[in-house]
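Thanks for coming. I will keep this short and go through one structure, starting from an annotated position and working outwards.

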Amino acid sequence: MTEAPHPYDPNHPHDPVRDPWRAAMRRALAEADHAAATGDVPVGAVVLGPDGAPLSTGHNEREATGDPTAHAEVLALRRAAAALGEWRLSGCTLVVTLEPCTMCAGALVQARVGRVVYGARDEKAGAAGSLWDLVRDRRLNHRPEVIPGVLEADCAALLTAFFRDR
Ligand SMILES: [Zn+2]
C-alpha cells in the first residue's frame, strides 16, 4: 500500500497539474519581494531549464532602472539566454507570480519557451488567458503550454498588500 504524500487538507486539495510548480513559484515569490525595496510592483520570475534546474531569476525593476521593459519576465529570459549561450529557450519553463503582459507574452514566445506557469491572474492586462491569450494564439506557430493559478492566493496577496500600502 502506498501512502498519500500529505494528509488531506480541504483548503489545499491535491492538484497534480499545479503542485509540481509550487517550489519554483515560492522562489519567484521570494524574488518578487526584492522589487518592493525600490518601489517596484512586486512581480518575480524564474526560468527553469529543460531539466527543471533554475537558470535565472528576475524581478520587476522598472522604477529601479527607469526602463519600461524591465519586467521580471524579460530580465529572467535575458539572463537565462545568457546562461545557456543562445536565445532559444526550447524546453525551458518560465515561472512568474503574475500573468504576463503583452510585451512579456511576446518575449516568451520569441524565446520559444516551452511552458509558462503563473500565479495571479491579471484581469486588466493579462495576455495569457485573461484579457488576451497571445501565447496560445493559433496563428502563431510556437505556442507554449500554460499553467495558471499556481499559489494564486499568495501571489495575489503580495500585490494587494503593495497597492494597499502605497
Ligand atoms: Zn510584462
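First, a word on the annotations I will use: UniProt positions are in the numbering used here, and such annotations may be inferred rather than shown by experiment. With that said, the unreviewed UniProt entry lists Glu73 under "active site". The same kind of record, also unreviewed, gives a "domain: CMP/dCMP-type deaminase" annotation that covers residues 19–131. What you are looking at is a predicted model. In this model the span 19–131 is 35% helix and 20% strand, and its end C-alpha atoms are 25 Å apart.

Let me begin with Glu73. Which helix holds Glu73? Glu73 is in helix 3, and helix 3 runs over 72–84. Is Glu73 buried or exposed? The cut-off for buried is 20 or more other C-beta atoms within 10 Å. Glu73 has 28 of them, so Glu73 is buried. Setting aside residues up to four places away in sequence, Glu73 touches Ala45, Gly58, Leu94, Val96, Pro100, Cys104, Ala107 and Leu108.

Cys104, Ala107 and Leu108 take us to helix 4, where they meet Glu73, Val74 and Leu77 of helix 3. The residues of this contact divide into 5 nonpolar, no polar and 1 charged. Now the geometry. In general, two packed helices are described by the angle between their axes and the distance between the axes. For helix 3 and helix 4 the angle is about 20 degrees and the axes are 9 Å apart. Angles under 35 degrees count as roughly parallel, and helix 3 and helix 4 are therefore roughly parallel to each other. The crossing of helix 3 past helix 4 is left-handed.

Staying with helix 4, the buried residues there are Cys104, Ala105, Ala107, Leu108 and Val109. What covers these buried residues of helix 4? The cover includes helix 3, strand 3 (93–98) and strand 4.

Next, the end of helix 4. Just after this helix, Arg112 takes a positive phi of about 60 degrees, although Arg112 is not a glycine. Arg112 lies in the loop that links helix 4 (102–110) to strand 4 (115–120). Its count is 14 C-beta neighbours inside 10 Å, which is why Arg112 is classed as partly exposed. Beyond its neighbours within four places in sequence, Arg112 is in contact with Arg88, Leu89, Ser90 and His142. By contrast, the C-alpha atoms of Arg112 and Leu159 are separated by 28 Å, with the two positions 47 residues apart along the chain.

One further positive phi to mention belongs to Leu151. Phi of Leu151 is near 50 degrees, and this residue too is other than glycine. Where is Leu151? Leu151 sits in the loop between strand 5 (145–147) and helix 5 (152–164). Leu151 counts as buried because 23 C-beta neighbours lie inside 10 Å.

To recap: Glu73, listed by UniProt under "active site", is buried in the predicted model, and Arg112, after helix 4, has a positive phi. That is what I have; I will take questions now.

Conventions: Residues are numbered from 1 along each chain as its sequence is written. This is a predicted model: local features need pLDDT of at least 70, side-chain atom pairs count only at pLDDT 80 or more; totals for chains, interfaces and linings use all residues. Helices (H or I, at least four residues) and strands (E, at least two) are DSSP runs, numbered from the N terminus. A residue is buried if 20 or more other C-beta atoms lie within 10 Å of its own, exposed if 12 or fewer, and partly exposed in between; C-beta atoms are placed from the backbone. Two residues are in contact if their C-beta atoms, placed from the backbone, lie within 7 Å. Axes are lines fitted to C-alpha atoms, for helices over the stretch in contact, and angles run from 0 to 180 degrees between N-to-C directions. Angles under 35 degrees count as roughly parallel, over 145 as roughly antiparallel, 65 to 115 as roughly perpendicular and the rest as oblique. A crossing is left-handed if the near helix is turned anticlockwise from the far one by less than a right angle, and right-handed if clockwise. Ala, Val, Leu, Ile, Met, Phe, Trp, Tyr, Cys and Pro count as nonpolar, Asp, Glu, Lys and Arg as charged, and the others, Gly among them, as polar.
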